[in-house]
Amino acid sequence: MKKLLTLAIVALFSFNAMAQADLRKKISVNGTAETEVTPDIIYLSISLKEYLKDGNSKKKVEINELETQLFNAVQKAGIPSENLMINNLSSYNTIAEKKKNPDFLVSKQYRLKVTDLNKWNQLMAAIDPKGIAYTNIESFDYSKIEALKKELKIKALQNAKEKAQYLVEAIGSQLGAPLDIQEINNESFPQMNYRSSPMMMKSMAEDSSGGMVSPDIDFKKIKLNYQMNTVFEIK
């Protein structure tokens with residue numbers, strides 16, 4: 001019985017303490033900070049596929065030849081070899097199955113990381129356009145994204161404090177210590193609208209002067225927006 005009485009007294013004191021804390025005057029504000037940056041890391045998807053010259057199965061352009069062209073183009077463009085990865089491989093598993101269909105065409109998909117889209121034309125010009133099934137931009141990123149996020153969060157928090165400061169002073173009070181801070185993440189990574197088919201690759205391969213034509217890419221910026229919901233005590 002004494003234990004139950006003790007627990008009841010402790011609970012009562014705890015409840016009173018919480019009730020007193022809830023009676024503190026408070027102000028809740030949202031601080032914001034945002035910016036836009038141009039992506040400096042782009043991930044490209046390139047699909048190569050064997051093809052028959054003049055429809056003759058005996059004159060097949062092998063995937064190894066197309067792959068070598070791609071590897072050489074990557075090296076010539078000064079792109080690190082580790083930036084090129086194989087995404088997918090489509091082929092028969094056994095020689096016997098290949099013999100059943102000599103016209104079967106092997107295809108490979110690659111993922112390439114680049115930091116300069118101006119090298120795009122240089123790469124495409126070095127590969128047989130008939131061997132390119134399609135190309136597209138998978139995704140993009142910003143190399144200093146984490147440092148930028150940290151900077152924006154700090155600015156949003158400072159904005160919240162500044163806002164709370166002048167609001168509290170407007171009613172003749174003083175701003176106290178922060179009681180609660182909550183982060184609201186509104187960052188957005190819009191995707192680029194670009195994909196090329198073999199016919200598009202052929203049409204963009206050369207212009208009237210014989211030079212490469214730049215692909216039409218809708219290159220949107222990365223928009224970062226951070227909000228910090230902050231509760232301050234009013235003295």
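**Exercise 1. Which side chains meet in a salt bridge at 3.1 Å, N to O?** Place the pair in its element and give the exposure of both residues.

Solution. The model is predicted.
- Step 1: the partners are glutamate 151 and lysine 155.
- Step 2: both residues lie in helix H5, which covers residues 145-169. They are four residues apart, about one turn of the helix.
- Step 3: glutamate 151 has a relative accessible area of 39%, which makes it partly exposed. Lysine 155 is partly exposed too, at 42%.

**Exercise 2. Find the salt-bridge partner of lysine 153 and state which elements the pair links.**

Solution.
- Step 1: the side chain of lysine 153 meets that of glutamate 183, with an N to O distance of 3.4 Å.
- Step 2: lysine 153 belongs to helix H5, whereas glutamate 183 belongs to strand S8 (residues 175-185); the pair therefore ties together parts that are 30 residues apart in sequence.
- Step 3: check exposure. Lysine 153 is partly exposed at 27% relative accessibility. Glutamate 183 is also partly exposed, at 43%.

**Exercise 3. Is glutamate 50 buried or exposed?** Work out what its salt bridge with lysine 60 connects.

Solution.
- Step 1: glutamate 50 has 4% relative accessibility. Buried means under 20%, so the residue is buried.
- Step 2: its side chain forms a salt bridge with lysine 60, at 3.9 Å from N to O. The cut-off for such a pair is within 4 Å.
- Step 3: lysine 60 sits in strand S4 (residues 60-61), and glutamate 50 in the loop between strand S2 (41-49) and strand S3 (51-52), so the contact ties together parts ten residues apart in sequence.
- Step 4: lysine 60 is partly exposed, with a relative accessible area of 23%.
- Step 5: set the pair in context. The whole structure holds six salt bridges.

**Exercise 4. In what order do the three strands of the open sheet stand?** Identify the edges and the bridges.

Solution.
- Step 1: the order is S1-S10-S8, with antiparallel pairing.
- Step 2: strand S1 (26-37) and S8 stand at the edges with a single partner strand each, so one side of each has no neighbour in the sheet.
- Step 3: the twist from one strand to the next averages 20°.
- Step 4: count the bridges. Twelve join S1 to S10. Eight join S8 to S10, which spans residues 222-234.
- Step 5: locate individual partners in S10. Glutamate 34 pairs with asparagine 225. Aspartate 180 stands opposite valine 231. Isoleucine 181 stands opposite threonine 230.

**Exercise 5. Which strands does H5 lie across?** Then assess how well S10 is covered.

Solution.
- Step 1: H5 lies across S1, S8 and S10. Its direction makes an angle of about 145° with S1.
- Step 2: ten of the 13 residues in S10 are buried, which leaves the strand mostly covered.

**Exercise 6. Which element has the lowest mean pLDDT, and which the highest?** Judge the chain as a whole as well.

Solution.
- Step 1: the protein chain averages a pLDDT of 77, and 69% of the residues score at least 70.
- Step 2: helix H6 (residues 198-205) has the lowest mean among the elements, 45. H5 has the highest, 94.
- Step 3: look at residues 193-216. Here pLDDT stays under 50. The model has 42 contacts beyond four places in sequence for this stretch.

Notes:
Residues numbered from 1 in each chain as written. Predicted model: local features only at pLDDT ≥ 70, side-chain atom pairs only at ≥ 80, totals over all residues. Heavy atoms only, no water. Helix = DSSP H or I, 4+ residues; strand = E, 2+ residues; numbered from the N terminus. Buried < 20%, exposed > 50% of the residue type's maximum accessible area, 1.4 Å probe, protein only. pLDDT = per-residue confidence, 0-100. Contact = heavy atoms within 4.5 Å. Pairing = 2+ DSSP bridges. Axes fitted to C-alpha atoms, helices over the stretch in contact; angles between N-to-C directions.
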